[in-house]
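Hi,

Here's the structure I promised to pass on. Have a look at it first, and my notes on what turned up follow below.

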Amino acid sequence: MAEPSTSAHPPAQAGPDRVGPVRVLVVDDDPALIELVRALGRRHLFEVIGALSLAEALQRAREVQPDAVLIDLYLGPEESGLALPERLRALPGLERVPMGILSGDGSFTSRIAASKAGVSVYLMKPVDPDQLSAAVHRLVALGSAPIPQILVASHDHATTAGIVSTLQASGMNVAICTHGESLADRLSEVRPELLLIDADLPPAGAIDTCRLIRSLPRWHELYIALMIEPKNDSERSALRAAGADEWLSRPVGSAELLDKVHASLGRVSRLRERFDRDPLTGLSLRRPFLEQAGARFEEAQLRGGGFCIAMLDLDGFKQINDRYGHPAGDAVLARLGRLLQTRLRPMDLRARWGGEEFCLAFSGESAVTAKSFLERLLAEFHEQTTAGEHGQGFKVSFSAGVAAAPFDGQSIEVLIHRADERLYRAK
């Protein structure tokens, strides 16, 4: 088996601002369930804070500021877990904390109620460890996603003030543009996920302004909502023809505004994930990985913490495809992808770099720590058997190279290059 190659320099020492484990608040009146999740957390590098009641959950949330919350739907005969999300999000710093439900009740009614309470994940009991681990990773990813950026194009100060107040109270960043002629420049400055255009935006109104924005190649995929209420199917068709994705009635009520904006952002997120992820492994593709890794690297530099890049390459992958068939090769890639999704911390980044090569980024870690993790990952991966197209079983290993800042470089590009060099030295 090939061993990961790492830097010959001494390891970076983690400072006081070192990134700690992800903290998951688990609220359940069954101590055994909390202990089960805690044991899983030790394996998958997240810390579990247990609470047996709503009151204890609120107290613990104030103390530890969790990164994600898992709540039992029924906390005893008199407490519903669905009472907790709103109260948690009213606490300072927890306005956007992602939440999941644990329940033995999989009814449609319960799932709808959880969705309306702002719950992102619904897990059935008894809890499957792999599903639980995947759910924690998904929740933390949701919580660490950038704050949504909305651009409101309106010259009506009263309307704009109400929209801005409502959206900011929901944890979103809001920018304003008061004239259509400056909208293209404002879009380039703000780069929003969603554009809201008021019906009477000067000088041309919402529909013609929407057509203009759609004529600019850079904004073909921008989600646009018009603050217009079409009266009939003909008017709705005209809005779609102009390039509108959504529309809102005027005056815009707070409830309708939030419902439409959250639904729109959800569609934007799903579309982005579809284009940013490799469908075979479920991992990020190269471009989004580089964007996220660049941001994490800058954060690590500001905090003075460590930062590592690791490059992985499956050993003998061409021979696997030739001997056992391409479906078997795909199965190997998918299996390593699942392992990387569930064995790394949620804040770590992982990508399919291309072919049989993968790239990982670890914030707050030294080269020695990264190498130790890769060795454990390699041992677990190599123990698993894959079936070839004729049923014959085989095992696979990978080689790896690690580079750590600041010893090996002061940019993402340099770190990747050094890790890649060490990868091929290891092979």
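**Sheet, helices and two cysteines**

Helix H11 (residues 286-303) lies across S11, S12, S13 and S16, and runs at about 140 degrees to S12. Helix H14 (residues 367-383) packs on the sheet too, where H14 touches S11, S13 and S16. The direction of H14 makes about 165 degrees with that of S16. Bear in mind that this is a predicted model.

Now the sheet itself. It is open, has 4 strands in the order S12-S13-S11-S16, and the pairing is antiparallel. At the edges sit strand S12 (349-354) and strand S16 (398-405), each of which pairs on one side only. On average, neighbouring strands are turned by 20 degrees against each other, direction ignored.

If you want a spot to zoom in on, try strand S11 (residues 307-314) and strand S13 (residues 357-363): they run antiparallel and are joined by 7 bridges. One residue pair to look up there is Ala-310 with its bridge partner in S13, Leu-360.

And the cysteines? The disulfide count comes to 0. Why is Cys-308 not bonded to Cys-359? Cys-359 holds the closest cysteine sulfur to that of Cys-308, but the two are 12 Å apart, so they are too far away for a bond; the cut-off for a disulfide is sulfur atoms within 2.5 Å. Cys-359 is likewise in no disulfide, with the sulfur of Cys-308 as its nearest. As for burial, Cys-308 counts as buried at 0% relative accessibility, and Cys-359 is buried with a relative accessible area of 0%.

Cheers

Conventions: Residues are numbered from 1 along each chain as its sequence is written. This is a predicted model: local features need pLDDT of at least 70, side-chain atom pairs count only at pLDDT 80 or more; totals for chains, interfaces and linings use all residues. Side-chain values use heavy atoms; hydrogens and water are left out. Two strands pair if DSSP finds at least two bridges between them. Axes are lines fitted to C-alpha atoms, for helices over the stretch in contact, and angles run from 0 to 180 degrees between N-to-C directions. Contact means heavy atoms within 4.5 Å. Buried means under 20% relative accessible area, exposed over 50%, partly exposed in between (1.4 Å probe, protein chains only).
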